[in-house]
Amino acid sequence: MEDTPIALIKNLTTHYDDVEILSDINLHVNTNEILVIMGGSGSGKSTLLRHMLGLNQPTSGDVELFGQDLKSMRMQDLCNLRQKIGVSFQGGALFNSMTVGENIILPLKEHTKLDDKTMQIMMRIKLEVVNLAGFENLMPDQLSGGMIKRVALARAIIMDPALLFFDEPSAGLDPVVSAELDELILTLKGAMNMSIVVVTHEIESAMKIADRIAVLDKGKLVQIGTKEEIRNSDHPRVRMLINRIPENIQPDSDEYMERLTRENNI
Amino acid sequence: MAASKNRLIAVTESTGKYTVDFLEEIGYAFSLLSESIYWILFGQFKKQRVRLSNTAREMMTIGISAVPIVAVLMFAIGVMMATQGIHTLRKFGAEPHIIPGIALAITREFSPLITSIIISGRSGSAIAAKIGTMKISQEIDALRVMGISPVRYLVSPALIAMCIMVPALTVMADVIGMFGGGVFIAMNIDISLYAYFDRVMTILKAEDILQGMLKSFLFAIIITISGAVNGFSVKGGAEGVGKATTRAVVLSISYIILTDMIFTFILNR
């Protein structure tokens with residue numbers, strides 16, 4: 001049975017100055033599924049994520065979260081809607097002037113009227129979830145890369161969001177830590193009934209956690225399907241990503257010379 | 001001929017671009033100011049309260065921590081004005097007339113100006129650096145996706161703190177500047193410190209102090225918004241933050257002096 005999608009992207013096209021970054025993207029995220037958005041560097045996957053969060057304005061097309069169109073929403077309604085989502089940024093984006101505990105508590109402090117003790121307990125529960133119990137008094141600059149990602153995740157889930165976005169969970173981490181994060185994402189889906197959107201370029205991690213995978217290439221959605229469909233895909237770009245084949249650009253010697261000497265010809 | 005025509009087009013184009021950029025920035029500054037005032041007034045009804053604790057923290061860093069530096073510099077300015085005044089008036093044998101000169105110049109002009117310039121260097125730059133650093137490390141995005149308005153969370157508390165603390169520091173600067181002048185006068189011409197302040201009190205009207213405070217209130221807004229505009233406009237990593245910080249201070253001091261000129265002109269016609 002197909003549920004109403006929790007996130008829906010319709011004909012999304014975006015530009016950076018005059019360069020087209022995303023071209024006519026159509027995508028949806030079902031309730032309680034993990035959708036992995038995969039693609040190489042520069043494929044537009046981070047831009048797509050920013051649009052799904054309503055951080056950028058598209059050239060054309062719509063993004064809907066929980067059935068509401070982000071473009072036509074008032075600032076106030078957007079703020080309220082965002083309390084239902086959690087985001088873990090690639091670099092963590094922890095507030096450097098606050099301790100780990102204060103970072104995690106901030107959304108609760110700003111959006112709820114719970115008393116301090118309750119918030120402390122909720123914060124510790126989330127730290128337990130990400131296996132960082134007892135770290136609440138450290139500052140972000142005292143943490144390792146993997147710990148920062150986990151704290152960012154704890155902060156992202158403190159309001160128990162229905163929809164979680166995770167940008168590059170494995171980037172810059174060793175295989176063991178990134179495998180742990182994959183496990184954590186699966187736990188969150190199972191235990192908290194979250195719908196999760198993960199942006200990554202790691203095929204292994206994607207194959208482990210995804211219900212469906214969307215493959216982006218040069219701003220276009222190349223294929224979307226289950227793990228098996230992607231694994232058995234015969235699309236050349238998808239095969240390249242899966243089999244880690246370098247893009248074989250045949251050099252044209254005349255063009256090459258022209259590029260090198262272009263400035264001098266003027 | 002063609003070259004000079006191309007040059008003319010290039011100059012026109014860049015002038016146009018600078019004008020548009022300037023107008024865009026002014027527009028952005030006003031929208032930022034109105035948004036922060038909006039959150040201060042209506043935030044509590046929209047579940048986006050401007051926190052008292054954040055405001056108090058800003059008041060500490062913007063105001064209380066600046067007390068020593070403002071005090072020392074204003075004392076020095078007072079001494080300097082007395083020195084120059086006595087030197088000039090001695091030619092006419094009119095040294096005692098220095099007192100109204102010091103009292104009025106400090107309360108109406110120097111105190112708000114010097115205080116604002118110090119605060120701009122200390123805190124305007126800090127606002128730009130903080131917001132700029134947060135922007136490049138995606139912390140501003142993190143606030144937005146948490147449903148926390150960055151303007152409400154970062155700018156509004158600073159604006160309240162600045163608008164209270166800069167006028168307060170200005171009043172303190174009035175007293176200390178006049179004290180500095182008084183000490184020098186007491187040491188150099190035959191007027192005691194008591195007699196000096198007695199004379200100052202008869203000369204000064206509430207209006208003089210209020211004029212200084214009103215100006216410093218406007219300067220406080222300029223410092224905050226200039227810091228915030230430059231912070232939010234940061235591009236290109238750590239170097240960008242450095243540039244934005246410098247720009248915030250230079251621009252706010254320029255706007256402060258220009259506003260001062262216009263305001264003084266209007267008020268004293």
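How many residue pairs are in polar contact between domain 1 of chain A and domain 2 of chain A? In this predicted model, the count is two residue pairs, both at pLDDT 80 or more. The count of salt bridges between the two domains is zero.

The domains themselves come from the domain assignment of chain A, in which domain 1 covers 7-84 + 161-265 and domain 2 covers 94-160. Domain 1 is thus given as two segments, and domain 2 as one. The C-alpha centres of domain 1 and domain 2 of chain A are 27 Å apart. Contact between them involves 15 residues of domain 1 and 13 residues of domain 2. The size of an interface is often expressed as the accessible area that is lost when the parts come together. For domain 1 and domain 2 of chain A this buried area is about 1,200 Å², with 73% of it on carbon and sulfur atoms. On the side of domain 1, A:Q83, A:P161 and A:L184 supply 42% of the area buried against domain 2, more than any other three residues.

The secondary structure behind this surface can also be traced. Two elements of chain A, β7 (163-167) and α6 (175-192), give two or more residues to the side of domain 1 that touches domain 2. The largest share, five residues, comes from α6(A). By class, this side of domain 1 of chain A consists of 13 nonpolar residues, one polar residue and one charged residue.

A position in chain A that may be followed next is A:M38, in strand β3 (residues 34-39). A:M38 counts as buried because its relative accessibility is 1%, under the 20% limit for that class. Beyond residues up to four places away in sequence, A:M38 touches A:K45, a run from A:T200 through A:H201 and A:E202 to A:I203, and also A:A206, A:I213, A:A214, A:V215, A:L216 and A:L241. A:M192 lies 154 residues from A:M38 in sequence, and their C-alpha atoms are 24 Å apart in space.

A second position, A:A93, leads from chain A to chain B. A:A93 is found in the loop between β6 (85-88) and α3 (100-111) of chain A. With a relative accessible area of 3%, A:A93 is buried. Apart from neighbours within four places in sequence, the contacts of A:A93 include A:R155 in its own chain, and B:S137, B:Q138, B:E139 and B:A142 in chain B. A:A93 and A:I157 are 64 residues apart along the chain, with a separation of 15 Å between their C-alpha atoms.

The interface to which these contacts belong takes 26 residues from chain A and 21 residues from chain B. Chain B and chain A bury about 2,000 Å² between them, and carbon and sulfur atoms give 55% of that area. B:R144, B:V145 and B:M146 supply 30% of the area that chain B buries against chain A, more than any other three residues.

Three salt bridges are found across the interface of chain B and chain A. One salt bridge joins A:E110 to B:R51, with the closest N and O atoms 3.8 Å apart. Seven residue pairs are in polar contact between the two chains, both residues at pLDDT 80 or more. The elements of chain B that give two or more residues to the side touching chain A are α1 (2-42), α5 (139-145) and α6 (150-188). The largest share of that side, six residues, comes from α5(B). The side of chain B that touches chain A has eight nonpolar, four polar and nine charged residues.

Methods. Residues are numbered from 1 along each chain as its sequence is written. Chains are lettered from A and ligands numbered from 1 in the order in which they are written. This is a predicted model: local features need pLDDT of at least 70, side-chain atom pairs count only at pLDDT 80 or more; totals for chains, interfaces and linings use all residues. Side-chain values use heavy atoms; hydrogens and water are left out. Helices (H or I, at least four residues) and strands (E, at least two) are DSSP runs, numbered from the N terminus. Buried means under 20% relative accessible area, exposed over 50%, partly exposed in between (1.4 Å probe, protein chains only). Contact means heavy atoms within 4.5 Å. Domain bounds come from an automatic or database domain assignment. Buried area is the accessible area (1.4 Å probe) that two parts lose on being put together, summed over both. A salt bridge is a side-chain nitrogen of Lys or Arg within 4 Å of a carboxyl oxygen of Asp or Glu. A polar contact is a pair of N or O atoms within 3.5 Å; within protein, one must be able to donate a hydrogen and the other to accept it, and residues adjacent in sequence count only if both atoms are side-chain atoms. Ala, Val, Leu, Ile, Met, Phe, Trp, Tyr, Cys and Pro count as nonpolar, Asp, Glu, Lys and Arg as charged, and the others, Gly among them, as polar.
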